[in-house]
Amino acid sequence: MTEAKEDAGQQDAYDYKRLHSYPLIRYSDMSEEMRVEAMELCVTACEKFAANNEAAAKMIKESLDKKFGSSWHCVVGEGYGFDITHEVKNLLYLYFGGSIAVTLWKCS
């Protein structure tokens, strides 16, 4: 009986992650091209470093610095709030995997 509950719990967790395997953009004022590129980069980093949010944030920041110029900042994690000052048309806030939030912004 316990094994059946465990299997059902694991299946539910798998279904939840599968259901939320796409990025959900909560707010963005970026151009379409920049937003798509940043979103794909966030998905790649979060999948590659699923257990290490710091490494994912570092990968995202360094890639954006190379592609769109320096002064990018990135926060990856769960259960945080933020109040930031950013350049216009350089902010992205999204969820990935159901509970992982990614905030990207540029300020110089």
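The following dialogue examines how several terms are applied to a predicted model.

Trainee: Why is Asn90 called buried?

Mentor: Buried requires a relative accessible area under 20%. Asn90 has 9%, so the residue is buried. Asn90 is placed in the loop between strand S2 (72–77) and strand S3 (91–96).

Trainee: What makes the link from the side chain of Asn90 to the backbone oxygen of Val88 a polar contact?

Mentor: The cut-off for a pair of N or O atoms is 3.5 Å. The side chain of Asn90 reaches the backbone oxygen of Val88 at 3.2 Å, so the distance satisfies that limit. Beyond four places in sequence, Asn90 also touches Asp29, Met30, Met34, Trp72, Leu104, Trp105 and Lys106.

Trainee: Which strands of the open sheet are called edge strands, and what makes them so?

Mentor: The sheet has four strands in the order S1-S3-S4-S2, with antiparallel pairing. Strand S1 (24–28) and S2 are the edge strands, as each pairs on one side only. Neighbouring strands of the sheet are turned by 15° against each other on average, direction ignored.

Trainee: How do you know that S1 and S3 pair?

Mentor: Pairing requires at least two bridges between the strands. Four bridges join S1 to S3, so the requirement is met; the two strands run antiparallel. On this pairing, Leu24 has Tyr95 in S3 as its bridge partner.

Trainee: Which helices lie across strands of this sheet?

Mentor: Helix H2 (residues 32–48) lies across S1, S2, S3 and strand S4 (100–106), and runs at about 40° to S3. Helix H3 (residues 53–68) lies across S2 and S4, at about 155° to S2.

Trainee: Which residues of the largest nonpolar core touch the most other members?

Mentor: Among the 22 residues of that core, they are Ile60, Leu64, Cys74, Val76, Leu94, Val102 and Leu104. H2, H3, S2, S3 and S4 each give two or more residues to the core, and H2 supplies the largest share, eight residues. Leu104 has contacts that include Ala38, Cys42, Ile60, Leu64 and Cys74, and Leu104 also touches Asn90.

Trainee: Why is the pair of Phe68 and Trp72 called tilted?

Mentor: Rings pair when their centres lie within 6.5 Å, and a tilted pair has planes neither under 30 degrees nor over 60 degrees apart. The ring centres of Phe68 and Trp72 are 6.4 Å apart and their planes stand at 55°, so the pair is tilted. The structure holds four aromatic pairs.

Trainee: Is Trp72 buried or exposed, and what is said of Phe68?

Mentor: Trp72, at 1% relative accessibility, counts as buried, because the limit is under 20%. Phe68, at 21%, counts as partly exposed, because this value lies between 20% and 50%.

Trainee: What makes the pair of Tyr80 and Phe82 tilted?

Mentor: Their ring centres are 6.3 Å apart and their planes are at 45°, so the pair is tilted. Tyr80, at 25% relative accessibility, counts as partly exposed, and Phe82, at 37%, counts as partly exposed. Tyr80, Phe82, Tyr93 and Tyr95 form one aromatic cluster.

Trainee: What makes the link between the side chains of Asp65 and Lys61 a polar contact?

Mentor: The side chains are joined at 2.4 Å, so the distance is within the 3.5 Å limit. Asp65 is placed in helix H3. Leaving aside neighbours within four places in sequence, Asp65 is in contact with Ser70, Ser71 and Trp72.

Key:
Residues numbered from 1 in each chain as written. Predicted model: local features only at pLDDT ≥ 70, side-chain atom pairs only at ≥ 80, totals over all residues. Heavy atoms only, no water. Buried < 20%, exposed > 50% of the residue type's maximum accessible area, 1.4 Å probe, protein only. Polar contact = N/O pair within 3.5 Å; in protein donor to acceptor, adjacent residues only side chain to side chain. Contact = heavy atoms within 4.5 Å. Axes fitted to C-alpha atoms, helices over the stretch in contact; angles between N-to-C directions. Core = buried A, V, L, I, M, F, W, Y, C linked by side-chain atoms within 4.5 Å. Phe/Tyr/Trp six-rings, centres within 6.5 Å; stacked < 30°, edge-to-face > 60°.
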